[in-house]
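Please walk through the model below with its strands, helices and loops in view. The paragraphs that follow begin at one pair of residues and widen out from there.

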Amino acid sequence: MMKLGLIGHPIDHSLSPGLHQGFMEASKLEGSYDLFPMQSITRAGLKHLFTTHKLTGCNVTIPLKEAVLPLLDRLDPTAEAVGAVNTIVLESGALVGYNTDCAGIEKALDQLESNAASALIFGTGGAAKAVHYVLNQRGISSKMLTRKPSPLNYSTLSPEDFKSHKLWINCTPLGGPKYKEEHLPLPNGVLSPEFAIFDLIYHPLPTPLLKAANDAGARTVDGRIMLTEQARKAWELFRAAYYKNL
């Protein structure tokens, strides 16, 4: 029986259990996908989680995508380059970290069809790092903005600065389940049909950012494509490890 899970917080809204149960059924595999809410974890704690629950693998979400890096036995080259992990797989007794977010981001950007030369990334966490990596691979320059004191704080950019970057990508939880009504600190009246907006949030929809973008006539894509594609890539890793570990 295959056993999978998700670590992070908050995760009670996650659609991952349903997605992976669907993958199991399609593959005619018996299994379970459990939620393990936590805001921090140690190497011993991660090993204990896998051993106690007999996990083949687990997905990782905020705030642990970067925190798990030093806890793993090995990193896939993409995860190492990104500096964040969203999938951990038990392979021959070793805990190996992967980043399948990149595959989901690629798919979402393909649908968005933006020809922007530069982008603004809202957020600086693990998902933002994956977006930055993918954009760099595509030859698109980008800046990661933060609310924290920093040279790249939102307040350091003028409305004209915001206007000069025609691709915006939200990697923060603002607009998501925990912050449904909260808006990013963005200047009013900047968005237009020239813009393309990618919001990684997939529930609830539309987010405040997507609504503003739609009202302005901008092209938009939400987080559902990224969610399903990263899950599909993670499932391929889980399934391969499961049969190898038998």
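**From one strand pair to the whole sheet**

In this predicted model, F122 stands opposite L145 in β8. The two strands concerned, β7 and β8, pair in the parallel sense over five bridges, and they belong to an open sheet of five strands with parallel pairing, whose order is β8-β7-β9-β10-β11. The edge positions are taken by β8 (141-145) and β11 (219-221), each of which has a single partner strand, so that one side of each is left without a neighbour in the sheet. From one strand to the next, the twist averages 15°.

Helices pack against this sheet. One of them, α4, lies across β9, β10 and β11 and runs at about 150° to β10. Another, α7, packs on the sheet with contacts to β9, β10 and β11, and its direction makes about 160° with that of β10.

The helix α4 deserves a slower look. It has 12 residues and reaches 16 Å from its first C-alpha to its last, which is close to the 16 Å expected at 1.5 Å a residue. Which residues of α4 are buried? They are D101, C102, G104, I105, A108, L109 and L112, and because they cover an arc of only 160° around the axis, they sit on the same side of α4. An α-helix has 3.6 residues a turn, so residues three or four places apart point the same way. The cover over the buried residues of α4 includes strands β9, β10 and β11 as well as the helices α3 (77-82), α5 and α8 (224-245). Following α4 comes E113, whose phi is positive, near 55°.

The packing can also be followed through the largest nonpolar core, which has 25 residues, and among these L135, L167, I169 and F198 touch the most other members. Two or more residues of this core come from each of α4 (101-112), β7 (118-122), α5 (126-137), β9 (167-170) and β10 (196-199), with α5 giving the most, namely six residues. To see how the core is knit together around one of its members, take I169: leaving aside neighbours within four places in sequence, I169 is in contact with L109, L120, I121, F122, V131, L135, F198 and L200. That list brings back F122, the residue standing opposite L145 in β8, and L109, one of the buried residues of α4.

The loops hold some backbone features that are worth checking one by one. Where do the cis peptide bonds fall? The bond from H9 to P10 is cis, with omega near 0°, and P10 is placed in the loop between β1 (2-8) and α1 (16-26). A cis peptide bond also joins H203 and P204, with omega about -5°, and P204 is placed in the loop between β10 and α7 (208-215).

Positive phi values in residues other than glycine form a further group. K28, in the loop between α1 and β2 (31-37), has phi near 55°; with a relative accessibility of 76%, K28 counts as exposed, because the cut-off for exposed is over 50%. S92 has phi near 50° and lies in the loop between β5 (87-91) and β6 (94-98), where S92 is likewise exposed, with a relative accessible area of 59%.

Methods:
Residues are numbered from 1 along each chain as its sequence is written. This is a predicted model: local features need pLDDT of at least 70, side-chain atom pairs count only at pLDDT 80 or more; totals for chains, interfaces and linings use all residues. Side-chain values use heavy atoms; hydrogens and water are left out. A nonpolar core is a set of buried Ala, Val, Leu, Ile, Met, Phe, Trp, Tyr and Cys residues joined through side-chain atoms within 4.5 Å. Buried means under 20% relative accessible area, exposed over 50%, partly exposed in between (1.4 Å probe, protein chains only). Helices (H or I, at least four residues) and strands (E, at least two) are DSSP runs, numbered from the N terminus. Contact means heavy atoms within 4.5 Å. Two strands pair if DSSP finds at least two bridges between them. Axes are lines fitted to C-alpha atoms, for helices over the stretch in contact, and angles run from 0 to 180 degrees between N-to-C directions. The expected span of a helix is 1.5 Å times one less than its number of residues. The arc is that of the directions from the helix axis to the C-beta atoms.
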